[in-house]
Amino acid sequence: MFYNSTRNSNVKVNSAEAITQGISAEGGLFVPESIPELSLEEIRTVGNMKYSDRAAFVFSKYLTDFTDAELHYCTDNAYSVKNFETESIAEIAHLFDGTYMLELWHGPTCAFKDMALQILPYFLTTSAKKIKLDKKIVILVATSGDTGKAALEGFRDVEGTSILVFYPEDGVSPMQKRQMQTQEGENVGVCAIKGNFDDCQNGVKAIFTDNDVKKRLNNAGFMFSSANSINWGRLVPQIVYYISSYAELVKDEEIELGDKINIVVPTGNFGNILAAYYAKHMGVPVNKLICASNVNNVLTDFINTGIYDRNRQFYATVSPSMDILISSNLERLLYLMTDKNDGIINEWFGRLSSEGRYEVTEDVKAKLRDEFWAGCCNDEETKAAIHRVYEKYSYTCDTHTAVAVKVYEEYRNATGDNTKTIIASTASPYKFSAAVLEALEGNSSDMDEYTKVDRIAELSDIPVPEALADLKNKPQRFSDAIDKADQKQYVLSTLGI
Ligand SMILES: *Cc1c(COP(=O)(O)O)cnc(C)c1O
């Protein structure tokens with residue numbers, strides 16, 4: 001399997017190169033040349049394997065330059081009970097008749113990003129070895145909360161790597177800040193920036209492309225790499241759990257092999273739902289992919305009209321991991337839907353950066369309508385959905401998952417479609433305890449974070465994840481907070497170069 005770039009179809013690299021480079025030199029994203037197909041029987045057999053073997057099986061179709069031993073080294077290390085609270089790794093909760101919650105948050109940081117960030121370090125170090133890059137990999141991350149912590153946990157004490165995370169001093173939740181400040185590991189660093197998320201992100205981008213920094217890094221035997229969701233190594237692990245959950249439902253006799261299902265995904269950067277699209281085109285029988293957004297509903301409008309327009313107000317919501325106006329992974333979908341037309345992708349994404357807007361062709365609009373259904377909801381509706389699910393099904397979901405629930409209800413009302421449905425549940429309710437507790441009890445409270453967590457535990461049946469319960473007692477290791485102008489110097493001195 002080779003990988004092309006969405007902005008230059010002539011680029012052709014293997015997976016180890018795609019994963020270490022992260023993004024193609026001309027700015028495009030790496031996309032596999034073709035989508036490998038699985039027969040229904042193959043999908044059925046996936047259900048008989050343990051999760052790490054399911055993953056290795058799917059990866060063997062995409063990372064064909066990896067040996068079996070290399071794939072199993074990666075999957076056995078990433079998907080074990082050392083890191084996940086449940087043996088099944090991706091747990092399925094039967095919510096109500098024909099609706100299933102695919103709980104992707106039993107990893108070390110209680111959000112679905114662990115599913116990919118637990119394995120990415122192994123992909124990266126294995127890839128680097130394969131292409132004989134004998135440099136130490138330095139991961140720089142700018143985070144608005146979830147990605148930073150998941151990347152820290154993934155890369156902690158992974159040989160041959162070190163990681164440095166920047167977050168906006170006042171831009172993350174108290175729980176997220178505490179998670180990062182108490183991070184363990186010998187190869188990790190965490191620093192607050194006196195500014196907002198854009199300041200963090202711009203700083204990191206500038207350091208990535210700074211020639212002086214590059215030269216010094218190179219001389220010292222280091223190289224930068226990226227852990228954000230444009231890396232193919234973060235997307236491919238997400239395909240696994242859609243195939244795996246379908247096979248699981250067949251095994252449990254909830255559906256018959258070949259039956260179609262719907263998949264609902266609370267969406268921000270379009271990574272998770274794109275993985276579901278790949279699973280569908282590999283052979284998982286899918287009826288509709290339902291794209292759920294919060295009030296930052298740029299994707300709802302896009303799927304419904306074919307016009308992508310980021311010229312709109314940005315809202316901070318109770319589902320902050322979906323507060324995004326530029327969904328990077330959409331570029332991969334459009335490349336596929338235009339039959340790899342790199343010219344038109346360059347045109348559209350050039351327009352996106354110059355005018356903030358582009359409109360796709362009639363042909364692509366029809367494909368979008370055929371594959372997807374899109375909806376959005378506001379914070380009040382999100383909290384009402386948490387309350388409703390709790391009252392009706394004694395199930396407590398987080399704010400992001402609640403957006404998916406609400407949009408799914410809307411879909412059913414609009415279409416009358418009763419197809420069995422998987423809802424991607426992307427975070428533990430404890431991670432967004434303020435809004436969740438407010439939703440459950442119907443009023444806000446001024447308890448501290450830990451008291452809120454305890455109160456949610458009283459109300460719901462869900463045990464507090466150990467990783468969050470432990471936070472209270474963990475010593476704070478990181479307290480640096482710097483001006484954005486000092487970010488480059490901070491990186492250099494942390495690396496000692
Ligand atoms: C990142 C994130 C999302 C959005 O996922 P994308 O792949 O960016 O669409 C949804 N929910 C939670 C909890 C997240 O952390």
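The accessible surface of the chain comes to about 19100 Å², and carbon and sulfur atoms account for 45% of that area. These values refer to a predicted model. Of the 497 residues in the chain, 58% count as buried. Along the principal axes, the C-alpha atoms fill a box of roughly 60 × 55 × 50 Å. The secondary structure consists of 22 helices and 16 strands. The chain has a radius of gyration of 21 Å, close to the 23 Å given by the globule rule for 497 residues, and is therefore as compact as a globular protein of that length. Among contacts with a separation of 6 or more, 74% join residues that are 24 or more positions apart.

The largest nonpolar core holds 110 residues, of which Tyr62, Leu63, Ile239, Tyr242, Leu334, Tyr358 and Phe372 touch the most other members. Helix H11 gives the most to this core, with 12 residues. Apart from this core lies another, of 36 residues, which includes Ala93, Leu95, Tyr390 and Leu471. When neighbours within four places in sequence are left aside, isoleucine 239 is in contact with Val58, Tyr62, Trp232, Ala275, Tyr278, Ala279 and Met282.

The structure holds 21 aromatic pairs. In one of them, the rings of tyrosine 3 and tryptophan 232 have centres 5.7 Å apart and planes at 55 degrees, so the pair is tilted. Tyrosine 3 belongs to strand S1 (residues 3-5) and tryptophan 232 to helix H11 (residues 232-251), so this pair ties together parts that are 229 residues apart in sequence. Tyrosine 3 has a relative accessibility of 0% and counts as buried; tryptophan 232, at 0%, is likewise buried. A further pair, between phenylalanine 302 and tyrosine 308, is edge-to-face, with 5.7 Å from centre to centre and 65 degrees between the planes. Phenylalanine 302 is buried at 0% relative accessibility, and tyrosine 308 is buried with a relative accessible area of 1%. These two residues form one aromatic cluster with Trp348, Phe349 and Tyr358. Tyr358 is also listed among the residues of the largest nonpolar core that touch the most other members.

Lysine side chains were also examined in relation to aromatic rings. The charged end of lysine 12 sits over the ring of phenylalanine 2, at 4.8 Å from the ring centre. Lysine 130 lies over the face of phenylalanine 66, and the distance to the ring centre is 5.4 Å.

Another lysine, at position 149, is found in helix H7 (residues 146-155). Lysine 149 has a relative accessible area of 6%, and because this is under 20% the residue counts as buried. Beyond its neighbours within four places in sequence, lysine 149 is in contact with Thr109, Gln179, Met180 and Gln183. Proline 108 is located in the loop between strand S5 (99-103) and helix H5 (113-117). At 15% relative accessibility, proline 108 counts as buried. Its contacts, again without neighbours within four places in sequence, are with Asn83, Asp114, Gln118, Glu153 and Ala467. Proline 108 and serine 493 are 385 residues apart in sequence, and their C-alpha atoms are 29 Å apart in space.

In helix H19 (residues 433-441), the buried residues are Ser433, Ala435, Val436, Leu437, Ala439 and Leu440. The cover over these buried residues includes helix H17 (379-393), helix H18 (399-415) and helix H20 (449-459). Glycine 442 follows H19 and has a positive phi, near 85 degrees.

Positive phi values also occur outside glycine. Most residues other than glycine have a negative phi. Isoleucine 89, which is not a glycine, has a positive phi of about 65 degrees. Isoleucine 89 is found in the loop between helix H4 (68-78) and strand S4 (91-96), and at 2% relative accessibility it counts as buried. Lysine 340 has a positive phi near 65 degrees. Lysine 340 lies in the loop between helix H14 (330-337) and helix H15 (342-355). The relative accessibility of lysine 340 is 29%, so this residue counts as partly exposed.

How values were computed:
Residues numbered from 1 in each chain as written. Predicted model: local features only at pLDDT ≥ 70, side-chain atom pairs only at ≥ 80, totals over all residues. Heavy atoms only, no water. Phe/Tyr/Trp six-rings, centres within 6.5 Å; stacked < 30°, edge-to-face > 60°. Helix = DSSP H or I, 4+ residues; strand = E, 2+ residues; numbered from the N terminus. Buried < 20%, exposed > 50% of the residue type's maximum accessible area, 1.4 Å probe, protein only. Lys NZ or Arg CZ within 6 Å of the ring centre and 35° of its normal. Core = buried A, V, L, I, M, F, W, Y, C linked by side-chain atoms within 4.5 Å. Contact = heavy atoms within 4.5 Å. Rg over C-alpha atoms; globule rule 2.2 N^0.38 Å. Areas by Shrake-Rupley, 256 points an atom, 1.4 Å probe, with all protein chains shown as cover.
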